[in-house]
Amino acid sequence: MDNYNNYNDFDLMELLKQGDEAAFTELFNRYDRLLFMYAYKKLQDIEEAKDVVQDVFVGLWNSRKGFTLQTSLTGYLYTSVRNKALNVFRDKDINARYLNSLQQLMDESDIRTDHLIREKDISALIDKEIAALPPKMREVFELRRKAFLSNKEIAEKLSLSDQTVATHMKRALKILRGRLGIVIYLLFLIR
């Protein structure tokens with residue numbers, strides 16, 4: 001069996017092209033530690049540095065048959081590690097933007113959901129208080145606020161005077177204002 005640590009990088013690459021696993025092991029043992037330290041300096045993360053170096057060696061093994069060394073093997077390996085590290089940074093940036101976007105969407109959804117729940121609760125409270133008004137007052141109020149009829153139209157429809165309709169509306173608003181508070185009353189008026 002050959003002593004592969006006596007071979008230079010070029011010779012080991014020629015053996016690697018032929019599928020010589022021992023040549024690959026020698027290259028791995030020769031450069032693994034150095035490439036790991038280089039990757040770690042770039043990434044500041046042990047696991048990511050290990051993954052990058054492993055990806056470089058897996059790529060070297062997978063492309064061994066058609067691999068042509070243009071420069072030195074050392075230059076090729078360091079460049080490969082640098083490029084993979086840049087890909088990690090790019091992927092982290094994309095993931096961070098995606099997570100930020102997702103978090104923003106979730107926050108907006110929470111706000112909308114909270115707003116809808118509050119609106120529903122307020123609306124139910126208002127409807128409950130309107131239902132508690134005296135029957136004729138409630139009828140006048142609903143025709144005015146929900147059917148959007150004028151005082152004159154309500155008076156004609158219910159056979160009341162315009163003044164009676166206006167009085168019912170004033171009293172209904174006074175009661176609702178007292179029961180619901182000024183904030184909900186204002187919300188109801190602008191609704």
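Here are three short exercises on the predicted model shown above.

**Exercise 1: Overall form**

Find out which elements make up the protein chain and how its radius of gyration compares with that of a compact globule.

*Solution.* Start by counting elements: the protein chain has seven helices and zero strands. Next, look at the extent of the chain. Its C-alpha atoms fill a box of roughly 115 × 30 × 25 Å along the principal axes. Finally, compare radii: the protein chain has a radius of gyration of 39 Å, while a compact globule of 191 residues would have one near 16 Å.

**Exercise 2: A pair of helices**

Describe how α2 and α3 pack, and sort their contact residues by class.

*Solution.* Two packed helices are described by an angle and a distance between their axes. For α2 and α3, the angle is about 145° and the axes lie 8 Å apart. The crossing is right-handed. Now see who takes part: α2 brings residues including Phe24, Leu27 and Tyr31, and α3 brings residues including Val52, Phe57 and Trp61. Sorted by class, the contact has 15 nonpolar, no polar and four charged residues.

**Exercise 3: The cores**

Work out which elements build the largest nonpolar core, and look for a second one.

*Solution.* The largest nonpolar core has 25 residues, and Met13, Leu27 and Leu60 are among those that touch the most other members. Two or more residues come from each of α1, α2, α3 and α4, and α2 gives the most, with eight. Take Leu60 as an example: beyond its neighbours within four places in sequence, Leu60 contacts Met13, Leu16, Phe67, Tyr76 and Leu77. A second, separate core has 16 residues, including Ile130 and Leu173.

Definitions and conventions:
Residues are numbered from 1 along each chain as its sequence is written. This is a predicted model: local features need pLDDT of at least 70, side-chain atom pairs count only at pLDDT 80 or more; totals for chains, interfaces and linings use all residues. Side-chain values use heavy atoms; hydrogens and water are left out. A nonpolar core is a set of buried Ala, Val, Leu, Ile, Met, Phe, Trp, Tyr and Cys residues joined through side-chain atoms within 4.5 Å. Buried means under 20% relative accessible area, exposed over 50%, partly exposed in between (1.4 Å probe, protein chains only). Helices (H or I, at least four residues) and strands (E, at least two) are DSSP runs, numbered from the N terminus. Contact means heavy atoms within 4.5 Å. Axes are lines fitted to C-alpha atoms, for helices over the stretch in contact, and angles run from 0 to 180 degrees between N-to-C directions. A crossing is left-handed if the near helix is turned anticlockwise from the far one by less than a right angle, and right-handed if clockwise. Ala, Val, Leu, Ile, Met, Phe, Trp, Tyr, Cys and Pro count as nonpolar, Asp, Glu, Lys and Arg as charged, and the others, Gly among them, as polar. The radius of gyration is taken over C-alpha atoms; the globule rule is 2.2 Å times the number of residues to the power 0.38.
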